[in-house]
Amino acid sequence: MLKTAIIGGSGYTGGELLRLLLYHTEVEISAITSEKSVGNVAQLFPNLKEKTDLCFEKNNPALISKKADFIFLCLPHCAAMDSAKAYLKHGKKVVDLSADFRLKDYKVYEKWYKEKHTAKALLKDAVYGLPELYRDKIKKAVLVANPGCYPTSAILAIAPLLKSKWAKGVDLPIIIDSKSGVSGAGRGAEAAYLFTEANESVRAYKIGTHRHTPEIEQELSKAANKNIRVSFTPHLIPMNRGILSTIYIKKAINAELLLDHYKNFYENEPFVRVLDSGALPDTKNVRGSNICEIGIVEDKRIGMTVIVSAIDNLVKGASGQAIQNMHIMQGCEEGCGLNLLPIFP
Ligand SMILES: NC(=O)c1ccc[n+]([C@@H]2O[C@H](COP(=O)([O-])OP(=O)(O)OC[C@H]3O[C@@H](n4cnc5c(N)ncnc54)[C@H](OP(=O)(O)O)[C@@H]3O)[C@@H](O)[C@H]2O)c1
């Protein structure tokens with residue numbers, strides 16, 4: 001059994017890791033941390049009542065390293081970098097769910113996150129944890145930067161196009177219109193995410209300034225082998241989980257041919273489902289699962305192609321993908337414990 005620890009386990013991604021790992025046949029959770037909460041984890045996660053004896057403890061890398069060999073960091077950005085440094089020093093493998101190691105250039109991180117990067121030396125060896133693009137590098141990594149939820153939905157939907165013959169002549173910027181459920185903001189209460197503020201309402205936010213923008217541009221530029229710019233607009237919608245991204249490509253491409261290309265591209269990928277012509281993704285078809293659904297439509301009349309993707313932000317957009325990365329780093333079967341059927345309705 002692989003002994004794992006969940007650092008920052010009282011939040012939504014930590015809770016989702018618990019849900020997914022408690023009955024994992026190859027993994028044992030040997031520590032879970034919170035700085036504010038004490039006692040049995042089920043007091044904070046009532047869905048786990050009587051399912052575990054795990055209790056919260058403080059994040060003490062020296063102590064936790066004695067109990068666990070694989071570390072999930074579920075901390076806010078900036079709080080994760082020092083923990084990553086400490087656990088790596090103790091010889092542990094780390095998947096960091098925060099943004100601290102996603103951007104290769106620390107100056108870009110410092111500009112967008114408005115914080116000093118205190119673990120710059122780790123950036124060059126940190127591997128961006130999108131298995132569909134970086135599986136071989138993830139296999140050898142000791143530090144994996146788990147992708148952001150919006151970037152996962154956008155990059156999986158756009159990268160195959162940028163790596164194809166149709167990339168030529170795509171006008172920039174690519175327009176990404178994404179909608180996220182409220183759990184994307186984490187468990188920390190802020191007035192904007194209260195039921196009374198978010199329910200019965202849809203709002204755009206951080207247009208052109210959202211911190212996932214440079215991450216999406218970094219990865220799409222690598223895929224295209226040239227500089228890619230995106231216009232990224234996130235929206236908050238009144239549902240618990242899920243992200244739907246609608247992507248506008250300024251070039252008409254035959255949807256059937258492009259779908260064939262996507263199906264080939266993702267042929268051996270267990271967690272990407274490319275839909276047949278005419279079908280479109282829906283967040284309820286992926287909720288609770290590690291699947292990303294992708295659909296494509298050509299809008300011939302105005303010479304555009306529209307790509308739509310759907311994920312569960314807490315699973316393929318966070319904790320499920322983190323477990324997928326752990327499996328790859330450990331040489332385990334990738335789908336172990338992750339072949340979850342979507343919750344329906
Ligand atoms: N929510 C999503 O859909 C999603 C998707 C992809 C990636 N992420 C990223 O994953 C990370 C965790 O997200 P989340 O949604 O789980 O957040 P969350 O619900 O707010 O939980 C954050 C966790 O970090 C702990 N924490 C907060 N401030 C801390 C500090 N200064 N030092 C140490 N621990 C601290 C909290 O524990 P205590 O306060 O109890 O100590 C809590 O356990 C974030 O970096 C987020 O950006 C989230």
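**Figure 1. Burial and stacking of Y109 in the predicted model.** In this predicted model, Y109 has a relative accessibility of 0% and therefore counts as buried. Y113 is likewise classed as buried, at 4% relative accessibility. Helix 4, spanning residues 106-113, contains both tyrosines, which are 4 residues apart, or about one turn of the helix. Across the whole structure, the search returns 6 aromatic pairs. One of them is formed by Y109 and Y113, a stacked pair with 4.8 Å from centre to centre and 10° between the ring planes.

**Figure 2. The aromatic cluster of Y262, F265 and Y266.** These three residues make up one aromatic cluster. Within the cluster, F265 and Y266 have ring centres 5.0 Å apart and planes at 80°; because planes over 60 degrees apart count as edge-to-face, the pair takes that label. The two partners fall into separate burial classes: F265 is partly exposed at 27% relative accessibility, whereas Y266 is buried at 3%. Y262 also appears in the view of the largest nonpolar core, where it is listed among the residues that touch the most other members.

**Figure 3. Lysine side chains placed over aromatic rings.** Two such arrangements are shown. K120 is positioned over the face of Y106, at 4.8 Å from the centre of the ring. In the other, the charged end of K165 lies over the ring of W166, 4.8 Å from the ring centre.

**Figure 4. The largest nonpolar core and the surroundings of I174.** The core comprises 72 residues, and those touching the most other members are L18, F72, I158, I174, I176, Y262 and I307. Helix 6 (residues 149-162) supplies the largest share, with 10 residues. Domain 1 (2-125) and domain 2 (150-313) each contribute at least three residues to this core. When neighbours within four places in sequence are set aside, the contacts of I174 are I158, L162, I228, R229, V230, S231, I247, Y248 and I249. I158, one of these contacts, is itself listed among the residues with the most contacts to other core members. A further core lies apart from the largest one and holds 25 residues, including L75, A84, L88 and L103.

**Figure 5. Cysteine sulfur atoms without disulfide partners.** The number of disulfides found is 0. For C149, which is in no disulfide, the nearest cysteine sulfur is that of C292, at a distance of 13 Å. C149 has a relative accessible area of 14% and so counts as buried. For C332, the closest cysteine sulfur belongs to C336; the separation is 6.8 Å, and a disulfide requires sulfur atoms within 2.5 Å, so the two are too far apart for a bond. C332 is partly exposed, with 33% relative accessible area.

**Figure 6. The two assigned domains and the contacts between them.** The domain assignment divides the protein into domain 1, residues 2-125, and domain 2, residues 150-313. Taken over C-alpha atoms, the centres of the two domains are separated by 27 Å. Contacts between them involve 14 residues of domain 1 and 15 residues of domain 2. The largest nonpolar core, too, draws at least three residues from each domain.

Definitions and conventions
Residues are numbered from 1 along each chain as its sequence is written. This is a predicted model: local features need pLDDT of at least 70, side-chain atom pairs count only at pLDDT 80 or more; totals for chains, interfaces and linings use all residues. Side-chain values use heavy atoms; hydrogens and water are left out. Rings of Phe, Tyr and Trp (its six-membered ring) pair if their centres lie within 6.5 Å; planes under 30 degrees apart count as stacked, over 60 as edge-to-face and the rest as tilted. Helices (H or I, at least four residues) and strands (E, at least two) are DSSP runs, numbered from the N terminus. Buried means under 20% relative accessible area, exposed over 50%, partly exposed in between (1.4 Å probe, protein chains only). A charge sits over a ring if NZ of Lys or CZ of Arg is within 6 Å of the ring centre and within 35 degrees of the ring normal. A nonpolar core is a set of buried Ala, Val, Leu, Ile, Met, Phe, Trp, Tyr and Cys residues joined through side-chain atoms within 4.5 Å. Domain bounds come from an automatic or database domain assignment. Contact means heavy atoms within 4.5 Å.
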